[in-house]
Amino acid sequence: MDVYCSNNVLQARRAVEQLRLETELQRIKISAAAEQLVQYCQEHRRADPLLTGIAASSNPFKDKKTCVLL
Amino acid sequence: MGEMEQMKKEAEALKTQIEAARKAVGDTDMASAASGVAPAPRVQLKTRRTLKGHLAKIYAMHWSTDNNLSSLSSIGVFRLMVSASQDGKLLIWDSHSGNKVNAVPLKSSWVMTCAYAPSGNLVASGGLDNMCTVYNLKTPVIKTVKELDAHTGYLSCARFLSDTEILTSSGDTTCALWDLETGKQKTVFLNHVGDCMCLSLSPDMNTFVSGACDSLAKLWDIRDGQCKQTFQGHTSDINAISFYPSANAIITGSDDCTCKMYDLRADQEVISYQDAALNSGVTSLALSMSGRLIFAGYDDFNCNIWDSLKGEKVGVLSGHDNRVSCTGVPEDGMCVCTGSWDSFLKIWN
């Protein structure tokens, strides 16, 4: 068998082994998974500055306007 | 029946089994499950900083962590980040002032990735030289501490686990875990059949996910080296990938112009972020702190903001004059950075 042929066989064997492994996985219902994800988002939303917005006074990137005496 | 024929048959049978198992738990999708959630507000962010300094396309950026904030703030430096450009440099920026803190000249200018170690002591870069080079920022003069040379394809992404371990993904279709003390690969993750383009470490650092040109995303156990799960659905190269902060889902971005969320425990796609008007590939993505917002960079020069639960576009960051190649949200979630082929980095909030 030439190298190309045996590479294909090796790859096919690997693919079958991987598929065998993945068949064993215990899966949960999307509804349950999604509910937990939604809950996570909701619980953390107040601590998400990009979602809630950042007050100018506490925004480290906002240039503070200074008063200039003319 | 020849061995190949037999294996093909078994593979088909197993695939059918897996699809049936996925269907059996596929009782809804994310958008439906989130129908009771209030829509995310329209997100309008302003450019707060435009970081000018690179002389060519920017390919990657990475924020430093919170680890040495207090020691840095006492010398007037706050949130650091590293960027990589094909002008042959890594630049370390203080994002608050917009000043360059350090410049690291690269041996090879064909850089595709850069990374900041959680400690803040090291940075790494890599690209078409097939190597991952690690630099120490804390020595009086920045020194190359290791050249990790074993991949037989380009280095697409690197992420430090610590000052002694780094993960890489490569165009040679493998990912690898390296020991930074010996400079050798500890584990090689072999299962993709296309160039690996991106990787993301789980929050607990026991697993990571990779995206590749075989249009698949894979979940790996870092310690035993095995691929545990494979996620299909994309129809082209996956260029960007990130763990959701809850650690039970991942977000991917692809040349097929969509982003997708895959739930790890349901083992399938649960929502797709797409728009008929969008026909540019996704190059990069980053999540806001709660995971609610996805910032996705596209080839069409924009960064679109998606509501991760409802699948709706809630904003856009426009301002770059070329492809957005990288995006990142720092640990404190206070801003988002976009890097572009126009040679600029912008910070928005």
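In which helix of chain A is N7(A) found?

## N7(A) and the helix of chain A

N7(A) is found in helix α1 of chain A, which covers residues 3-23. The model described here is a predicted one, and within it N7(A) has a relative accessibility of 44%, so this residue counts as partly exposed. Along the chain N7(A) and K29(A) are 22 residues apart, and in space their C-alpha atoms are separated by 38 Å.

## The interface between chain A and chain B

On the side of chain B, 67 residues are in contact with chain A, and on the side of chain A the contact involves 42 residues. The area buried between the two chains is about 4600 Å², and carbon and sulfur atoms give 67% of that area. Within chain B, the residues that lose the most area to chain A are R265(B), S290(B) and M334(B), which together account for 13% of what that side buries.

Polar and charged links also join the chains: there are 3 salt bridges between chain B and chain A, and R27(A) forms a salt bridge with D267(B), in which the closest N and O atoms are 2.9 Å apart. Between chain B and chain A, 15 residue pairs are in polar contact, counted where both residues have pLDDT 80 or more. Several elements of chain B give two or more residues to the side that touches chain A, among them the helices α1 (3-25) and α2 (30-33) and the strands β1 (47-51), β17 (227-231) and β20 (259-263). The largest share of that side comes from α1(B), which gives 13 residues. Sorted by class, the side of chain B that touches chain A has 35 nonpolar residues, 17 polar residues and 15 charged residues.

## An aromatic cluster in chain B

Over all chains the count comes to 6 aromatic pairs. One of them is formed by F189(B) and F208(B), whose rings lie edge-to-face at 4.8 Å centre to centre, with 85° between the planes. F189(B) lies in strand β13 (residues 184-190) of chain B and F208(B) in strand β15 (residues 207-212) of chain B, so this pair ties together parts that are 19 residues apart in sequence. Both F189(B) and F208(B) are buried.

F189(B) also forms an aromatic pair with W220(B), again edge-to-face, here with 5.6 Å centre to centre and 70° between the planes. Because F189(B) lies in strand β13 and W220(B) in strand β16 (residues 217-221) of chain B, the second pair ties together parts that are 31 residues apart in sequence. W220(B) is buried, as is F189(B), and ring pairs link F189(B), F208(B) and W220(B) into a cluster.

## Loop residues with positive phi in chain B

Two loop residues of chain B deserve a separate note for their backbone angles. T173(B) is not a glycine, yet this residue has a positive phi of about 80°. The place of T173(B) is in the loop between β11 (165-170) and β12 (174-179) of chain B, and with a relative accessibility of 18% T173(B) counts as buried.

S215(B), which is not a glycine either, has a positive phi of about 65°. This serine lies in the loop between β15 and β16 of chain B, and at 15% relative accessibility S215(B) counts as buried. The strands that flank the loop of S215(B) include β15, where F208(B) lies, and β16, where W220(B) lies.

Terms used
Residues numbered from 1 in each chain as written. Chains lettered and ligands numbered in written order. Predicted model: local features only at pLDDT ≥ 70, side-chain atom pairs only at ≥ 80, totals over all residues. Heavy atoms only, no water. Contact = heavy atoms within 4.5 Å. Buried area = accessible area lost by both parts, 1.4 Å probe. Salt bridge = Lys/Arg side-chain N within 4 Å of Asp/Glu carboxyl O. Polar contact = N/O pair within 3.5 Å; in protein donor to acceptor, adjacent residues only side chain to side chain. Helix = DSSP H or I, 4+ residues; strand = E, 2+ residues; numbered from the N terminus. Nonpolar A, V, L, I, M, F, W, Y, C, P; charged D, E, K, R; others polar. Phe/Tyr/Trp six-rings, centres within 6.5 Å; stacked < 30°, edge-to-face > 60°. Buried < 20%, exposed > 50% of the residue type's maximum accessible area, 1.4 Å probe, protein only.
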